[in-house]
Amino acid sequence: MTNSWTDIKNADLVVVMGGNAAEAHPCGFKWVTEAKAHRGAKLIVVDPRYTRTASVSDYYAPIRQGSDIAFLNGLINYCITNDKVQWEYTKAYTNAAFIVKEGFGYQDGLFTGYDEEKRDYDRSTWDYEIGEDGFAKVDPTLQHPRCVWNLLKQHVSVYTPEMVSNICGTPKDKFLRVAEMIAETSAPNKVMTSMYALGWTQHSHGAQNIRAMAMLQLILGNIGLRGGGMNALRGHSNIQGLTDLGLMSHLLTGYLNMPSEAEPDYDTYMKSRQFKPLRPGQTSYWQNYSKFMVSFQKAMWGEVAAAENDWCYDYLSKLDVPAYDILRMFELMNQGRVNGYICQGFNPLMAVPDRAKVTSSLSKLKFLITMDPLETETARFWENHGEFNNVDTRSIQTEVIQLPTVCFAEDEGSLTNSGRWLQWFWPAATPPGEARPDTAIMAEILLRMRELYKKEGGAFPDPVLNLSWDYHNPREPEPEELAREINGRALVDLKDPADPSKVLVPAGKQVVNFSQLRDDGSTMCGCWIYSGNFNEAGNNMARRDNRDPSGLGTHAGWTFAWPLNRRTLYNGASADTQGRPWDPSRKLLEWDGTKWVSDDVPDIGVNAKPGEVQPFIMNQEGVSRLFARGLMRDGPFPAHLEPFESPVQNVFNRRMRGNPVGRIFESDVGRFGNADEFPFFATSYRLTEHFHYWTKHNRVNAALQPEFFVEISEELAALRGVTAGSWVRVWSKRGSVKARAVVTKRIRPLQCDGKTVHIVGVPIHWGFMGAARKGHSVNTLTMPVGEANIETPAVKAFLVNLEPTTAPGVQS
Amino acid sequence: MNMELSRRGLLKVAGAGVAGTSLGAMGFSEAEAAVAAHVRPLKLANLNETRSICTYCSVACGIIAYSKGDRRKGERAELIHIEGDVDHPTNLGTLCPKGAALKDFVKSESRLQYPMIRKPGSDRFERVSWDFALDRIARLMKDDRDANFVAKNKAGLPVNRWTTTGMLAASATTNETAWATFKVAKALGIVGFDNQARV
Amino acid sequence: MSGSTTYQSPHTAVSNPPVTPVAAGFGEADLVRRSATSDLPPPQRQLTPVAKLIDVSKCIGCKACQSACIEWNDTHPDIGENHGIYDNPRDLTENMFTLMRFTEWVNPETDNLEWLIRKDGCMHCSDPGCLKACPAPGAIVQYTNGIVDFVHENCIGCGYCVKGCPFNIPRISKADHRSYKCTLCSDRVAVGQGPACAKACPTQAIVFGTKEDMKRHAEGRIADLKSRGYANAGLYDPPGVGGTHVMYVLHHNDRPSLYAGLPDNPRISPIVQTWKGVTKYVGLAAMGFLAAGSLIHGVFARPNRVTQEDDVHGEDLVEGKPVPPPKPETYGPGSGEHR
């Protein structure tokens, strides 16, 4: 989230699209109802289903899943054609005026540079013209035919209301009503917020869905303001934290990148990370990259990390592919190229697409280790549960070690919410049986492997033996010790560069925050963006001052928000080019002539003059990007793409299937179905009564929603002879499930490109373990396709067929 | 006050009430006959309160966990009830249907209690000691790492990848656990390292 | 244990309950009605009437109220089946005191679908049909703050309360043959807290306080709804039962029955109303089987059987109700516009 949950109360208009906040995040959704009740805000829901969020909306419009880009580009087009643009903001704070290289273009659904063989783009033309001064060329008058604004205008011009309706199935009048309501927020004192979740991310073009809304929000001037922003709701309690801390194949902590094979040494790695400003006087904060990187390496390998060995740069793995993400690992596993797998609080048999492939893959492992508070289907993937898990137990040669862990109620530490708040919590109960904390298990694995390496030697033991592990009890590091390490400390006296007689931070003391980090080995810091979480002032994540003097939901004294306790990102854009807030009643930042004043932490140098230093400080341009340059694999602008399985063709290029640079593995090519055989269009989602695959273990939630079902329209029910509450079989190219049928008016067939599209809704949540009724699982049906930029599985749109059937276990 | 005296419990000890009503039927004043406590005593009295954060979605609601026994004093603590914390600025004491039933997640019948091992081809888990399980894991992992670690690529450049063992990290562990997990996984050279951010 | 003179009715459910022992702030001395009891002494004080207000237009149907109710009251609803709808459990039970009922309705004026979601449960009528129909002395009581509570120890499981209720709320347990329903969390209210459902409700569609405050709060909500085009928005506080201590804000207050068969004009059966007139006859009959029933309860824990004669008479008692209670299987007028 750019903003926070409590900030949503400041919105004039809330758009929930690509998510279902009332069901998946009910207590966060409270702030939508607050905005409605106390600001008179309106709520728009755009979704294939009339959800429980839609039930309290002011306006609902249906949309075919996966066609969001067409809808959003249509909105951008509407705003441009009807002059509903926050012009001062757009001109000053976006790259609208930047001039793009000659040669860039878009035709037949593809940008310049596409290579069909490689399924990839040559992105060299997707960039600015750079002047002799090294800065990007701009035309502030927006007259240049190749300035970003004119290219954008041209790019979205094809997304007329008629075109949107044809692609999305949204009736034209409903689209126009939504467009009118959204366009009103181009007024400087009207703010819209976007709330989205996996309904946008889990497509082969997921990142572009989000970009399209971000671009719309920018031209409406809604980013950086109270009540505005791009707000990713995020699914799990600490998935924001795990991402921030880089527990991913391609990341290190704080969004530093894992090196690739093309970066065999530190200097090469840093060369592409100089991040010189592209416009005069701009901040380009990533210029500090090396300070964060070296401090991170010092946190990992302590004294062994030295200038002479490039701070142990060799210890870091170098990737030969963009990422060994979960889908790639299951592909390799299925090829017999993975022997061991550790599932810590993760249930891939349920959570990963194409279950038949997952079962086959797990069966090829030599060993599987699970760490979980609960039974999981994954830990018992080898156990036969009739048609709910029909495996040949004896033939599965995988050794499985199941370790019981504590759950939150028995644990201590911090969780990062979607609003980037790091909140500390304390243990309330004694763990059951012999359950242990994950920290102890990870420590034991490390220490026991170390012992073996010391005794036996083996493959490159240095990074293992030298890993910094100087905890009070190395067998069970304490949460506070780890938190202090994340914050970072001075390793020698840190002298003031302006006055070397002055010590800023004495050796051994915690740094105040990342602004004190250095790249000469004198500081260490586990995760720079978190720095400030636990400094000499104490555990800032445990702060509990819930006052809110402004009444605008800042709560600056409540726990700690990264970065630097900043609650709203890009908040420098909440003021105009004179430093005056766009809306004085929702003041966030104000320039007092010499400095920025705020109850939040300014996201701009505190003395950086408005109009000179632009507020998007992380970008080399200093402004936000309507044109993404080559930073996205599938285009600098979002363009409509169909899902890999779709009932209709891409109207811009009928030959093209899915995202032309979406990630599919060779072995999966045969696992796609087409609309002749699988005529209905399915989507997957959560229900409010359950959390993922956990609460089916809870007797209460199991009672509230006991059994696996699918949702279909009355029209599809009539077409297939299905009655409410009866059993249906749903099958895709990958597998078949049985489910109860919920027949509803909340799903309606859509008219798209001359065809009637019937939608089948398939909730997640059921499996063969726990208190709820045993059920089939949605991922039996879904496709193992990866998003083009970040490999998120595209499980929100896939083709199925459907027919009446008998109950599981009963012969039809 | 007996904290475990639930409504069910009250029903089981309702004999006095029954006797009373029977007396009433025999002609005593109805008002005199009613001896049962009308209003159930508050079940939270004398419990310990602990501030926590809900483990489910990333709204991260503040909760109060009510336990019998105090872990801070080294006592055995049993969770009795969970309720939203009205002091928390986001949820203001409210909870969703999952959060409101957190107690029955913590006390689920399918909570794991002991390390277990399933041998190749077996149809059951067998209980093992932590020592056994951890030694076995260290052995399996080291053997696989030693056999398959890629120290250098074909060009002879150091790449230090271990691709044959992967790890999925938990989406509901603390940042502190995540940092400890990160350190171990990255130091071992596990590149097939992912979390639940995308699914 | 009860009758603290310093007790004040709570004004909100937004409060963390105490862990220090607190005596219940009201009790027997605060009863204004007691089933099958003619010599109840008048209460010495009037507690401020409380009410739960359910704003249907803010409700997201998340069932947090159901979840919180189960946890607070330590009930154990069965894990049932999906019946082709979202309502689960399928109906109110002795283990499920409150239930979201979902109705899909296409508004003929706008042609828009509206998903009307109503939290069903005891309305805590000022003029409680259950209490008036109840033949067991002290099994149903009403406090001066408006809470209608069941005293299970005194219940004989005859089911008259179900028949006397214009909203079809109480349910008889198959396990212990006693009647159960929402208590308005009398144990919480007695220590100055609000009901568990109102505290949990994520959007605060359920709020709790004095009845006066709740009516005032409803006015603001109704004005907001009218500004959004719901011309018939209004407060459901039905006069036929003397008003209720659980009220709804409805977007379509002109047609309460749209909301899963909420009675348009609930009233207690005239026969139940004239209970006092036949007190002698019925009272004696009730006492007779009450004593026998209690013995059976205590010794065998089996269902209470009233004699056939009593049962027939009981049916008579509640016949001719103006509004039949919505049957769980077919609630809603069944016009095809509802589910």
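Start by selecting Lys63(C), which sits in the loop between strand E2 (50-55) and helix H1 (64-73) of chain C. Helices (H or I, at least four residues) and strands (E, at least two) are DSSP runs here, numbered from the N terminus. Before you click on, bear in mind that this is a predicted model, in which local features need pLDDT of at least 70, side-chain atom pairs count only at pLDDT 80 or more, and totals for chains, interfaces and linings use all residues. Residues are numbered from 1 along each chain as its sequence is written, and chains are lettered from A and ligands numbered from 1 in the order in which they are written.

**Odd backbone spots in chain C**

Back to Lys63(C): what is unusual about its phi? It is positive, about 75°, although Lys63(C) is not a glycine. Lys63(C) is also buried, with 34 other C-beta atoms within 10 Å. Buried means that 20 or more other C-beta atoms lie within 10 Å of a residue's own; 12 or fewer makes it exposed, anything in between partly exposed, and C-beta atoms are placed from the backbone.

Now jump to Leu184(C), in the loop between strand E8 (179-180) and helix H4 (186-189) of chain C. Here is another non-glycine with a positive phi, this time about 55°. Leu184(C) counts as buried, with 28 other C-beta atoms within 10 Å.

While you are in chain C, pick Asn88(C) and Pro89(C): the peptide bond joining them is cis, with omega about -10°. Look for Pro89(C) in the loop between H1 and strand E3 (99-106) of chain C.

**A cis bond and a small sheet in chain A**

Move to chain A and select Trp562(A) and Pro563(A). The peptide bond from Trp562(A) to Pro563(A) is cis as well, with omega near -10°. Pro563(A) belongs to the loop between strand E21 (560-561) and strand E22 (589-591) of chain A.

E21(A) is a good handle for what comes next: an open, antiparallel sheet of three strands in the order E13-E14-E21 of chain A. Strand E13 (413-416) and E21 are its edge strands, each pairing on one side only. (Two strands pair if DSSP finds at least two bridges between them.) Strand E14 (residues 421-425) of chain A is joined to E21(A) by two bridges. Which residue of E21(A) is the bridge partner of Leu422(A)? Select Phe560(A) to see it.

**Where chains A and B meet**

Keep that sheet on screen and add helix H6 (residues 175-188) of chain B. H6(B) lies across E13 and E14 of chain A, running at about 90° to E13(A). For that angle, axes are lines fitted to C-alpha atoms, for helices over the stretch in contact, and angles run from 0 to 180 degrees between N-to-C directions.

Zoom out to take in the whole A/B interface: 136 residues of chain A are in contact with 103 residues of chain B. Contact means C-beta atoms, placed from the backbone, within 7 Å. On the chain A side, helix H16 (residues 438-456) gives the largest share, ten residues. By class, that side divides into 71 nonpolar, 44 polar and 21 charged residues. Nonpolar covers Ala, Val, Leu, Ile, Met, Phe, Trp, Tyr, Cys and Pro; charged is Asp, Glu, Lys and Arg; the others, Gly among them, are polar.

For strands meeting across the chains, select strand E12 (residues 399-404) of chain A and strand E4 (residues 116-118) of chain B. They run antiparallel, joined by three bridges. Gln402(A) stands opposite Met116(B).

**Covered pieces of chain A**

Helix H15 (residues 355-363) of chain A comes next. Its buried residues are Arg355(A), Lys357(A), Val358(A), Thr359(A), Ser361(A) and Leu362(A). They pack against helix H13 (326-334), helix H14 (348-351) and strand E11 (367-372) of chain A.

Then highlight strand E25 (residues 709-713) of chain A, where five of five residues are buried. Phe709(A), Glu711(A) and Ser713(A) point one way, and Val710(A) and Ile712(A) the other. E25(A) runs parallel to strand E27 (residues 736-744) of chain A, with five bridges joining them. Ser713(A) has Thr744(A) as its bridge partner.

**Last stop: two domains**

Colour chain A by its domain assignment: domain 1 (6-235 + 622-631) and domain 2 (666-805). Those bounds come from an automatic or database domain assignment. The centres of the two domains, taken over C-alpha atoms, are 28 Å apart. Their contact takes 24 residues from domain 1 and 28 residues from domain 2.

How values were computed:
Two residues are in contact if their C-beta atoms, placed from the backbone, lie within 7 Å.
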